[in-house]
Amino acid sequence: MSHRITLALAAAAMLAVMCGPAAAQSFEGRKKCSSCHKSQAESWGDTAHAKAMESLKPNTKAEAKKKAKLDPAKDYTKDKDCVGCHVDGWGKEGGYTVEDPSKFTTGVGCESCHGPGSKYRGIHRKAGAAFEKSKKTAPRQTLADAGQDFSFEESCNACHLNYEGSPWKGAKKPYTPFTPAVDKKYTFDFDKYVKDTKAMHEHYKLDGTFTGEPKFKYHDEFQSKAKVGEKGSED
(Lines give C-alpha, C1' and ligand atoms only; values in the text may rest on other atoms or scores of the structure.)
Protein backbone atom coordinates (compact mmCIF):
# COMPACT_ATOMS: atom_id res chain seq x y z
CA MET A 1 0.00 0.00 0.00
CA SER A 2 1.44 3.39 -0.97
CA HIS A 3 2.32 6.03 1.61
CA ARG A 4 -0.28 8.42 0.09
CA ILE A 5 -3.11 5.87 0.38
CA THR A 6 -2.09 5.06 3.95
CA LEU A 7 -2.25 8.74 4.89
CA ALA A 8 -5.65 9.11 3.19
CA LEU A 9 -7.07 6.15 5.09
CA ALA A 10 -5.67 7.45 8.37
CA ALA A 11 -7.21 10.87 7.74
CA ALA A 12 -10.58 9.31 6.96
CA ALA A 13 -10.45 7.23 10.13
CA MET A 14 -9.57 10.28 12.22
CA LEU A 15 -12.44 12.26 10.66
CA ALA A 16 -14.86 9.45 11.52
CA VAL A 17 -13.67 9.45 15.12
CA MET A 18 -13.97 13.24 15.39
CA CYS A 19 -17.39 13.48 13.79
CA GLY A 20 -18.89 10.30 15.24
CA PRO A 21 -22.06 8.71 13.80
CA ALA A 22 -24.50 10.80 11.79
CA ALA A 23 -26.87 12.80 13.98
CA ALA A 24 -30.20 11.07 14.50
CA GLN A 25 -33.40 12.61 13.29
CA SER A 26 -35.03 14.52 16.12
CA PHE A 27 -38.72 15.06 16.81
CA GLU A 28 -39.59 18.75 17.11
CA GLY A 29 -43.23 18.74 18.17
CA ARG A 30 -46.44 19.86 16.54
CA LYS A 31 -46.07 23.49 17.57
CA LYS A 32 -43.42 23.98 14.89
CA CYS A 33 -45.33 22.02 12.24
CA SER A 34 -48.58 23.86 12.89
CA SER A 35 -46.96 27.29 12.67
CA CYS A 36 -47.28 26.85 8.89
CA HIS A 37 -49.84 24.05 8.55
CA LYS A 38 -52.52 25.75 10.63
CA SER A 39 -55.58 24.26 8.92
CA GLN A 40 -54.22 20.72 9.14
CA ALA A 41 -53.35 21.21 12.80
CA GLU A 42 -56.79 22.58 13.65
CA SER A 43 -58.47 19.68 11.86
CA TRP A 44 -56.18 17.16 13.55
CA GLY A 45 -57.23 18.53 16.93
CA ASP A 46 -60.70 17.05 16.42
CA THR A 47 -59.46 13.54 15.59
CA ALA A 48 -59.18 10.39 17.68
CA HIS A 49 -55.40 10.47 17.25
CA ALA A 50 -55.23 13.90 18.88
CA LYS A 51 -56.99 12.51 21.94
CA ALA A 52 -55.02 9.25 22.05
CA MET A 53 -53.54 9.90 25.48
CA GLU A 54 -56.99 10.55 26.98
CA SER A 55 -57.91 6.90 26.52
CA LEU A 56 -55.11 5.88 28.91
CA LYS A 57 -56.53 7.88 31.80
CA PRO A 58 -58.48 6.19 34.62
CA ASN A 59 -62.16 5.48 33.99
CA THR A 60 -62.03 6.34 30.30
CA LYS A 61 -63.02 3.80 27.63
CA ALA A 62 -64.00 1.54 30.53
CA GLU A 63 -65.96 -1.02 28.53
CA ALA A 64 -63.24 -1.35 25.91
CA LYS A 65 -60.63 -1.87 28.62
CA LYS A 66 -62.72 -4.53 30.33
CA LYS A 67 -63.05 -6.42 27.04
CA ALA A 68 -59.28 -6.29 26.64
CA LYS A 69 -58.78 -7.51 30.23
CA LEU A 70 -57.37 -4.19 31.43
CA ASP A 71 -58.26 -2.42 34.66
CA PRO A 72 -60.49 0.54 33.71
CA ALA A 73 -59.69 2.31 37.00
CA LYS A 74 -55.93 2.21 36.43
CA ASP A 75 -53.90 5.18 35.16
CA TYR A 76 -51.98 3.90 32.12
CA THR A 77 -50.52 7.30 31.12
CA LYS A 78 -47.13 6.34 32.56
CA ASP A 79 -47.21 2.68 31.61
CA LYS A 80 -44.28 2.26 29.25
CA ASP A 81 -45.91 -0.75 27.60
CA CYS A 82 -48.83 1.45 26.55
CA VAL A 83 -47.68 5.02 26.07
CA GLY A 84 -45.69 4.47 22.86
CA CYS A 85 -48.77 4.17 20.66
CA HIS A 86 -50.42 7.28 22.12
CA VAL A 87 -47.68 9.87 21.57
CA ASP A 88 -45.12 11.12 19.04
CA GLY A 89 -41.55 9.84 19.08
CA TRP A 90 -41.65 7.48 22.06
CA GLY A 91 -38.11 6.40 22.92
CA LYS A 92 -36.59 8.61 20.23
CA GLU A 93 -34.65 11.86 20.31
CA GLY A 94 -36.93 14.82 20.94
CA GLY A 95 -39.98 12.60 21.39
CA TYR A 96 -42.38 12.17 24.25
CA THR A 97 -41.07 11.06 27.62
CA VAL A 98 -42.94 10.08 30.77
CA GLU A 99 -40.53 12.26 32.72
CA ASP A 100 -41.36 15.39 30.68
CA PRO A 101 -44.94 15.10 29.41
CA SER A 102 -45.14 18.86 28.79
CA LYS A 103 -43.65 18.49 25.30
CA PHE A 104 -45.84 19.03 22.24
CA THR A 105 -45.72 15.31 21.53
CA THR A 106 -48.81 14.06 23.37
CA GLY A 107 -51.24 12.35 21.02
CA VAL A 108 -50.49 10.80 17.64
CA GLY A 109 -49.65 13.75 15.43
CA CYS A 110 -47.69 15.10 12.48
CA GLU A 111 -44.36 13.41 13.04
CA SER A 112 -45.87 10.02 13.89
CA CYS A 113 -46.88 9.81 10.23
CA HIS A 114 -44.50 12.13 8.40
CA GLY A 115 -41.36 11.31 10.40
CA PRO A 116 -39.23 13.40 12.78
CA GLY A 117 -38.92 16.88 11.31
CA SER A 118 -35.55 18.24 12.45
CA LYS A 119 -33.89 17.84 9.04
CA TYR A 120 -36.71 18.36 6.56
CA ARG A 121 -38.64 21.18 8.25
CA GLY A 122 -36.02 23.74 7.23
CA ILE A 123 -36.24 22.53 3.63
CA HIS A 124 -39.99 23.18 3.69
CA ARG A 125 -39.48 26.69 5.00
CA LYS A 126 -36.76 27.69 2.52
CA ALA A 127 -38.51 26.13 -0.46
CA GLY A 128 -41.80 27.76 0.55
CA ALA A 129 -40.16 31.18 0.71
CA ALA A 130 -38.54 30.66 -2.72
CA PHE A 131 -41.85 29.56 -4.22
CA GLU A 132 -43.70 32.52 -2.75
CA LYS A 133 -41.08 34.91 -4.11
CA SER A 134 -40.53 33.56 -7.61
CA LYS A 135 -42.70 30.43 -8.03
CA LYS A 136 -39.52 28.36 -8.09
CA THR A 137 -40.29 24.72 -7.26
CA ALA A 138 -38.13 22.18 -5.45
CA PRO A 139 -37.76 18.40 -5.91
CA ARG A 140 -39.77 16.40 -3.39
CA GLN A 141 -36.90 13.92 -3.24
CA THR A 142 -34.94 16.41 -1.11
CA LEU A 143 -37.55 15.96 1.62
CA ALA A 144 -37.37 12.17 1.39
CA ASP A 145 -33.58 12.32 1.56
CA ALA A 146 -33.89 14.42 4.73
CA GLY A 147 -36.17 11.85 6.37
CA GLN A 148 -39.75 12.82 5.52
CA ASP A 149 -41.88 9.68 5.22
CA PHE A 150 -44.14 9.56 2.17
CA SER A 151 -45.55 6.12 2.90
CA PHE A 152 -45.96 5.78 6.70
CA GLU A 153 -48.09 2.62 6.49
CA GLU A 154 -45.49 0.79 8.58
CA SER A 155 -45.78 3.46 11.28
CA CYS A 156 -49.51 2.77 11.51
CA ASN A 157 -49.05 -1.00 11.47
CA ALA A 158 -46.57 -0.76 14.34
CA CYS A 159 -49.44 0.10 16.67
CA HIS A 160 -52.65 -1.08 15.03
CA LEU A 161 -51.35 -4.49 13.93
CA ASN A 162 -48.93 -5.18 16.76
CA TYR A 163 -50.54 -8.23 18.36
CA GLU A 164 -49.89 -11.96 18.58
CA GLY A 165 -51.10 -13.75 15.46
CA SER A 166 -51.10 -10.50 13.47
CA PRO A 167 -50.78 -10.67 9.67
CA TRP A 168 -48.10 -7.98 10.03
CA LYS A 169 -44.65 -9.55 10.15
CA GLY A 170 -43.21 -6.80 12.33
CA ALA A 171 -45.33 -7.60 15.39
CA LYS A 172 -43.35 -7.82 18.64
CA LYS A 173 -43.77 -7.26 22.38
CA PRO A 174 -45.20 -5.27 24.03
CA TYR A 175 -48.33 -6.22 22.09
CA THR A 176 -51.50 -4.17 21.95
CA PRO A 177 -54.37 -5.79 23.87
CA PHE A 178 -56.89 -4.30 21.43
CA THR A 179 -57.13 -6.96 18.74
CA PRO A 180 -59.80 -8.16 16.29
CA ALA A 181 -60.37 -11.14 18.61
CA VAL A 182 -61.43 -8.70 21.34
CA ASP A 183 -63.62 -6.65 19.01
CA LYS A 184 -63.90 -6.62 15.22
CA LYS A 185 -63.63 -2.82 15.23
CA TYR A 186 -59.90 -3.26 15.88
CA THR A 187 -59.43 -4.88 12.48
CA PHE A 188 -57.05 -2.47 10.78
CA ASP A 189 -57.16 -1.59 7.09
CA PHE A 190 -54.66 1.16 6.30
CA ASP A 191 -56.19 2.06 2.94
CA LYS A 192 -59.56 2.57 4.60
CA TYR A 193 -58.54 4.42 7.74
CA VAL A 194 -56.03 6.77 6.11
CA LYS A 195 -59.07 8.31 4.38
CA ASP A 196 -61.09 8.59 7.57
CA THR A 197 -61.05 12.23 8.70
CA LYS A 198 -62.24 11.19 12.17
CA ALA A 199 -58.87 9.49 12.55
CA MET A 200 -56.70 11.65 10.27
CA HIS A 201 -56.82 15.38 9.56
CA GLU A 202 -58.69 16.95 6.65
CA HIS A 203 -56.60 17.66 3.56
CA TYR A 204 -56.09 21.15 2.19
CA LYS A 205 -54.90 22.53 -1.12
CA LEU A 206 -51.13 22.73 -1.29
CA ASP A 207 -49.33 25.42 -3.25
CA GLY A 208 -47.20 23.15 -5.43
CA THR A 209 -43.82 24.06 -3.94
CA PHE A 210 -42.53 20.51 -4.30
CA THR A 211 -42.72 18.39 -7.46
CA GLY A 212 -41.88 14.86 -8.57
CA GLU A 213 -41.57 11.62 -6.65
CA PRO A 214 -41.92 10.26 -4.06
CA LYS A 215 -45.53 11.07 -3.32
CA PHE A 216 -47.90 9.48 -0.86
CA LYS A 217 -49.99 7.04 -2.89
CA TYR A 218 -53.21 8.98 -2.27
CA HIS A 219 -51.63 12.43 -2.74
CA ASP A 220 -53.35 13.20 -6.04
CA GLU A 221 -56.69 11.83 -4.86
CA PHE A 222 -56.56 13.86 -1.66
CA GLN A 223 -55.56 17.02 -3.51
CA SER A 224 -58.38 16.63 -6.03
CA LYS A 225 -60.87 16.83 -3.14
CA ALA A 226 -58.88 19.09 -0.82
CA LYS A 227 -60.30 22.14 0.92
CA VAL A 228 -58.80 25.61 0.78
CA GLY A 229 -57.13 26.60 4.03
CA GLU A 230 -54.03 28.24 5.38
CA LYS A 231 -50.92 27.94 3.20
CA GLY A 232 -48.79 24.85 3.59
CA SER A 233 -45.94 23.81 1.33
CA GLU A 234 -46.23 20.01 1.36
CA ASP A 235 -48.49 17.34 2.82
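**A tour by selection**

Select C85 to begin: at 33% relative accessibility it counts as partly exposed (buried is under 20% relative accessible area, exposed over 50%, partly exposed in between, with a 1.4 Å probe and protein chains only). The model is predicted, so local features need pLDDT of at least 70 and side-chain atom pairs count only at pLDDT 80 or more, while totals for chains, interfaces and linings use all residues. Residues are numbered from 1 along each chain as its sequence is written, and side-chain values use heavy atoms, with hydrogens and water left out.

Now add C159. A disulfide joins C85 to C159, with S to S at 2.1 Å (a disulfide is a pair of cysteine sulfur atoms within 2.5 Å). C85 lies in the loop between α4 (62–67) and α5 (110–114) and C159 in helix α8 (residues 153–160), so the pair ties together parts that are 74 residues apart in sequence. Helices here are DSSP runs of H or I with at least four residues, strands are runs of E with at least two, and both are numbered from the N terminus. The link of C85 and C159 is left-handed, with -100° about the S-S bond. C159 is partly exposed, at 22% relative accessibility.

Which cysteine sulfur is closest to that of C33? Select C110: its sulfur is 4.1 Å from that of C33, too far for a bond. C33 counts as buried, at 18% relative accessibility. C156 is in no disulfide either; the nearest cysteine sulfur is that of C113, 5.0 Å away. C156 is buried, with a relative accessible area of 13%.

Go next to K31, in helix α2 (residues 30–34). K31 is exposed, with a relative accessible area of 54%. Add K103: the C-alpha atoms of K31 and K103 are separated by 9.5 Å, although the two are 72 residues apart along the chain.

Then select F152, F190, V194, M200 and F216. These have the most contacts inside the largest nonpolar core, which has 14 residues. A nonpolar core is a set of buried Ala, Val, Leu, Ile, Met, Phe, Trp, Tyr and Cys residues joined through side-chain atoms within 4.5 Å. Another core, of seven residues, lies apart from it and includes A138, A146, F150 and F210.

Finally, show the whole protein chain. It has 10 helices and two strands, in the order α-α-α-α-α-α-β-α-α-α-β-α along the sequence. Of its 235 residues, 37% count as buried.
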